[in-house]
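Reader: Hi! I'm new to reading protein models, and I'd love a close look at a single part of this one. Could you set the scene with the chains and then zoom in on one helix and its surroundings?

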Amino acid sequence: MNHLLSLLIFLPLVGGLVLLALSRKFASVVKPAALGIALINLLLAALVGFRFQPQAGFQMEEKLAWIPKMGIEYHLAIDGISLFLVLLIPIFILIALCMAQFSKNAYPPAFFALLLCFEAGLLGTTLALNLFLFYLFWELMLIPAFFLIGLWGGPKRKPAVLKFVIYTMAGSLVFLLSILFLGVQFYSKTGEWSFALPQLYQLRMGMGPVASLLFFGFALAFLIKVPLFPLHTWLPDTYSEAPTIVTFLLSGLMAKMGIYGLLRITIPLFPQLLERWAPLLSLLAIAGIVYGAIAALGQTNLKRLIAYSSLSHMSLLVLGVFTWNLASLQGTLYHMINHAVATGALFLLVSLIEEHYGTTEIAELGGLAKETPLFASLFLLMTFASIGVPGLNGFVGEFLILLGVTTQVPLLGLGAGLTLILSAAYMLWLTQRLLFGPLKSPVAEPLKLCRYRQIVLAPLVLAVVLMGLYTQPVFERTTASVRQYLQMLHQPQQVSEPTLLSDTLPASEAQIHG
Amino acid sequence: MDKLLPFLPVSLPVLFGLIVLLLGVFLPLKQRYLLPHVSLVGVAFVALSAIAAYKAVAPNGEILGGYLILDTYSLFFSLLLSVATFITMLSASFYLERDGLVKAEFLALLFFCLSGMLLLASSRDLITLFVALEIVSMSVYVLVGYDRDNLKANEGAFKYFLLGSMASALLLYGIALLYGSVASTRLYQIHSYFSTHAHEPLAAMGLLLVLVGLAFKVAAVPFHTWSPDAYEGASMPVTGFMATAVKAAVFALLIRVLGEGFISLKTYWVEVVAILAVLTMLGGNILAYTQRNIKRMLAYSSIAHTGYLLTGITALALQPGNEAVSALLYYLLIYVLSSLGIFAALTWLSSQNESLVQISDLAGLGKKYPLTALGLALLFFSFIGIPPLGGFFAKYYLFLTVLKAHQLFLVGVAVLASILSIVYYLKIVMVMYMEPLAEHWEAPRIRPVSLGAVLGCCSFAVFWAGFAPVNFLNVFPGLLPLLEWLQYTSLI
């Protein structure tokens with residue numbers, strides 16, 4: 001089984017496409033088949049996790065020449081930084097498929113098939129080590145998301161999805177331009193084409209203005225996907241118009257791809273420039289935390305409120321990334337899972353509210369704790385996890401990030417810490433309005449959590465509690481990779497400025513000019 | 001026969017055109033449905049003759065003392081143009097049937113145009129090039145206004161004719177000035193003259209006029225104003241023909257003239273072409289955004305693609321070697337294939353009547369005809385540049401080549417323009433999939449397998465070209481895999 005990683009990507013991709021083709025004529029087969037494929041993929045991911053060796057760095061590598069003339073190859077590998085995303089993605093997809101299966105909204109078979117394609121894009125992005133391949137999967141992620149939102153979203157889905165695609169594609173195209181420019185730099189230095197990340201890491205750019213532009217070119221696509229303030233304006237519309245199950249995946253998984261891209265591509269390519277630009281980006285991240293929190297306080301709609309809270313929390317992750325010491329990076333990796341679980345679970349719970357009560361307006365709901373104690377307690381648990389109550393998982397991640405930030409720039413840490421209090425404010429106020437007080441409900445029947453849904457939500461609850469109390473399994477596997485990563489960043493290397501004009505002309509051309 | 005073989009590709013279409021004309025007169029009315037079939041066979045013969053001629057004169061390729069050259073470059077274009085003409089004839093037969101128009105002249109005009117285009121692709125002399133270009137233009141003027149009772153067709157043809165003939169005049173004047181300073185119209189003699197002699201203002205003037213004339217013909221902004229009207233007025237198959245074959249042929253000319261003849265004058269034209277490219281990319285994409293008529297939108301989108309191709313032409317000048325040509329040809333190939341697929345589908349969809357060409361008429365296509373919608377969506381996604389489709393790799397390769405020629409600014413504008421283009425391409429996909437079926441929708445009565453097959457083949461080719469571009473990278477000076485394959489199957 002040397003092709004485990006490929007199998008992980010191509011099983012859902014091929015499966016999804018085949019099921020998409022069958023979704024009209026053999027509708028009854030598609031849903032169980034999709035669930036089966038997602039389950040098998042989860043087992044494969046578990047196998048990957050089982051075989052993973054914490055000390056080994058990049059492993060389970062697969063390399064195939066694709067377009068050798070241009071240095072494009074099919075290159076996959078996994079390390080401690082990507083491991084937990086690779087585990088998280090199949091779990092979340094399976095949960096989303098199960099929720100869709102038991103939903104009263106009767107999602108059509110094509111929905112299930114597209115979710116599988118989405119999974120393939122996500123996994124591919126996480127595992128690719130060649131920039132060309134990375135870009136391919138990065139875009140592959142977008143197409144299913146486009147159809148998932150555009151076909152099954154809320155009433156204003158069309159402008160929302162258009163905005164979403166334009167924002168992300170604009171970032172992607174700038175990213176593509178940067179890839180090409182970097183490729184040309186590599187070519188003019190070495191005389192051959194390569195888009196392999198490990199090779200490009202060696203190509204240290206200097207501190208000049210061109211290098212800075214390139215840095216932002218590589219960061220833009222990821223910062224839009226996260227999104228970082230002020231690139232966030234697509235987020236509230238998209239998150240609130242998408243089907244809530246899809247929002248669960250967008251906030252839980254797709255936003256993480258932005259953080260992962262920063263970690264995997266932007267920072268290792270430009271370690272010199274971090275010193276210069278990290279303060280600006282950190283300040284923007286803090287602005288994002290505050291902005292998201294304040295905007296969340298003002299929302300009247302549940303989905304939008306949690307969307308803004310997600311924005312606020314994602315900004316904290318950006319802060320962790322741009323502090324790049326051991327504590328903050330470990331914290332970031334850990335908090336990526338936490339945020340996915342807590343915010344994801346909140347979105348799932350909102351999807352239940354939406355389905356049962358037919359509304360997500362906070363003013364129309366109230367006192368749900370009296371009606372559905374089980375639902376209310378789950379909602380409360382996830383709220384606590386999201387605001388970082390000690391003993392639950394959110395606390396560990398936030399603590400580590402804040403620790404890392406404070407040791408580096410105490411003032412920044414102080415700022416971030418204080419602003420996090422705001423998250424407690426809006427979330428607790430939300431629970432107060434939603435769960436307590438006099439009962440307000442547009443429908444007579446109380447919301448019931450059926451057995452299936454309890455089973456589906458159980459892993460998220462378990463994760464919240466276990467990851468808050470027992471952190472060792474995660475850190476055991478990430479520490480070595482993060483240390484290697486930091487070593488790579490701090491390695492002294494020959495630095496050369498990227499060039500725009502004639503001094504890199506090929507020899508033959510220079511002669512003509514001469 | 002051996003002496004005659006090299007001239008077959010250019011003369012066979014004329015012969016077939018005459019045969020079709022005569023058949024149109026002498027064949028009994030009932031049997032005239034055979035005309036398109038005869039023409040299709042004819043085009044296939046032309047393509048085969050192009051391959052045979054190439055093999056007969058290889059490796060030197062020069063005939064008529066260097067007036068014409070049959071190299072891989074001209075072979076590539078001969079095959080591409082034959083395919084485009086073949087598909088146009090295929091879809092035209094439905095359109096002629098619908099509107100009750102005479103078939104013979106239409107098909108004959110296509111043949112004459114093909115002959116001119118093949119001449120364009122293989123000519124190395126300014127006068128021959130001009131004559132070839134005129135053959136092409138004349139045929140297309142008539143084809144645009146073929147439906148003479150249609151006001152829009154008349155308007156389009158008239159505008160196209162007026163502006164086109166002015167462009168021809170400019171071109172000819174430029175050629176005359178160049179001849180005045182070089183005393184030759186052969187491209188390689190012009191090249192060798194200017195690489196040793198000083199550049200006179202006369203020559204620069206001539207070059208500028210030639211450039212403006214050609215900019216008219218490829219519809220580069222600000223010389224593009226005829227194209228939306230001509231595209232809108234023409235019937236769908238003819239619009240497709242103009243957007244694919246004619247555009248590719250003019251680019252064959254442009255690349256040959258600038259890359260081979262005027263390469264030593266590059267200090268004069270590189271910046272002009274760069275400015276044209278910037279204007280064309282931005283203008284085409286911005287104007288395409290506001291269109292509601294799908295033909296006009298495709299006209300502007302084709303202008304935008306012209307802009308991307310023009311950036312590639314600047315790379316031609318700044319960088320020695322064939323890489324830029326290879327990137328340009330790859331881009332053209334993908335562009336032509338995608339457009340052919342799109343126009344085949346649109347021909348079928350508008351086979352009820354020509355008024356069904358608003359973008360909103362495509363509403364609900366995803367539900368009603370899932371396969372057609374899938375093919376169209378794939379081609380539009382390819383235009384947007386979603387990997388691994390051909391359109392993405394075409395842009396990737398082209399932009400990389402231009403960047404390698406140190407034109408960061410141009411590529412930056414190209415990326416900005418591509419961002420603009422997302423909106424209008426994506427809107428079509430959204431209309432097809434996310435809108436309910438239009439109420440006044442009349443389903444096409446016929447479901448021709450052939451047009452479906454064209455769409456399918458084009459979509460697949462675009463997908464495959466992007467997924468495994470390694471075979472296409474050898475296009476220039478290659479195309480050898482194809483030839484070897486042909487030899488292997490003992491077709492020739």
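Author: Let's start with chain A: a compact globule of 514 residues would have a radius of gyration near 24 Å, and chain A comes out at 23 Å, so the two agree. One thing to keep in mind all along is that this is a predicted model. Measured out along its principal axes, the C-alpha trace of chain A spans about 85 × 60 × 45 Å. There are 20 helices and 4 strands in chain A, and 55% of its residues are buried. Take the contacts in chain A with a separation of 6 or more, and 80% of them turn out to link residues 24 or more positions apart.

How sure is the predictor about chain A? The average pLDDT is 85, and 95% of the residues score at least 70. Residues 501–514 of chain A are another story, with pLDDT below 50, and beyond near neighbours in sequence this stretch has 8 contacts in the model. Where pLDDT is low, the predicted coordinates should not be read in detail.

Now for chain B, where our helix sits. With 492 residues, a compact globule would have a radius of gyration near 23 Å, and the 21 Å of chain B agrees with that. The C-alpha trace of chain B spans about 70 × 55 × 45 Å along its principal axes. Chain B is built with 19 helices and 2 strands, and 61% of its residues count as buried.

The two chains touch, too: 27 residues of chain A are in contact with 25 residues of chain B. On the chain A side, helix 5 (131–152), helix 6 (157–190) and helix 20 (507–513) each give two or more residues. Helix 6 of chain A gives the most, with 14 residues. Sorted by class, that side of chain A has 19 nonpolar, 4 polar and 4 charged residues.

OK, time to zoom in. Our single part is helix 7 of chain B, residues 187–196, where Leu187(B), Ile190(B) and Phe194(B) are buried. Because those three cover an arc of only 60° around the axis, they end up on the same side of helix 7 of chain B. If you look at the numbering, there's a handy rule: an α-helix has 3.6 residues a turn, so residues three or four places apart point the same way. Now turn the helix around. The face of helix 7 of chain B turned away from its buried side carries Ser195(B) and Thr196(B), which are exposed.

What covers that buried side? The cover over the buried residues of helix 7 of chain B includes helix 6 (151–182), helix 8 (201–218) and helix 10 (236–261) of chain B.

Follow the chain past helix 8 and you reach a loop with some quirks in it. Ala219(B) is found in the loop between helix 8 and helix 9 of chain B, and it has a positive phi of about 60° although it is not a glycine. Ala219(B) has 27 other C-beta atoms within 10 Å, so it is buried. Pro222(B) is in the loop between helix 8 and helix 9 (226–233) of chain B as well, and the peptide bond from Val221(B) to Pro222(B) is cis, with omega near 10°. Why flag these? Because most residues other than glycine have a negative phi, and most peptide bonds are trans.

You can find such quirks elsewhere, too. A cis peptide bond joins Pro387(B) and Pro388(B), with omega about 0°, and Pro388(B) is found in the loop between helix 15 (370–384) and helix 16 (390–404) of chain B. Over in chain A, Met60(A) has a positive phi near 55° and lies in strand 1 (residues 59–67). Met60(A) counts as buried because it has 21 C-beta neighbours inside 10 Å.

Last stop: the nonpolar core. The largest one has 394 residues, and those touching the most other members include Ala96(A), Leu349(A), Ala248(B), Ala249(B) and Tyr331(B). Helix 13 (residues 323–349) of chain B provides the largest share of this core, 21 residues. If you'd like one residue to click on, try Tyr331(B): leaving out residues up to four places away in sequence, it touches Tyr308(B), Leu309(B), Gly312(B), Ala394(B) and Leu398(B).

Technical notes. Residues are numbered from 1 along each chain as its sequence is written. Chains are lettered from A and ligands numbered from 1 in the order in which they are written. This is a predicted model: local features need pLDDT of at least 70, side-chain atom pairs count only at pLDDT 80 or more; totals for chains, interfaces and linings use all residues. Two residues are in contact if their C-beta atoms, placed from the backbone, lie within 7 Å. Ala, Val, Leu, Ile, Met, Phe, Trp, Tyr, Cys and Pro count as nonpolar, Asp, Glu, Lys and Arg as charged, and the others, Gly among them, as polar. pLDDT is the predictor's confidence in each residue, from 0 to 100. A nonpolar core is a set of buried Ala, Val, Leu, Ile, Met, Phe, Trp, Tyr and Cys residues joined through C-beta atoms within 7 Å. A residue is buried if 20 or more other C-beta atoms lie within 10 Å of its own, exposed if 12 or fewer, and partly exposed in between; C-beta atoms are placed from the backbone. The arc is that of the directions from the helix axis to the C-beta atoms. The radius of gyration is taken over C-alpha atoms; the globule rule is 2.2 Å times the number of residues to the power 0.38.
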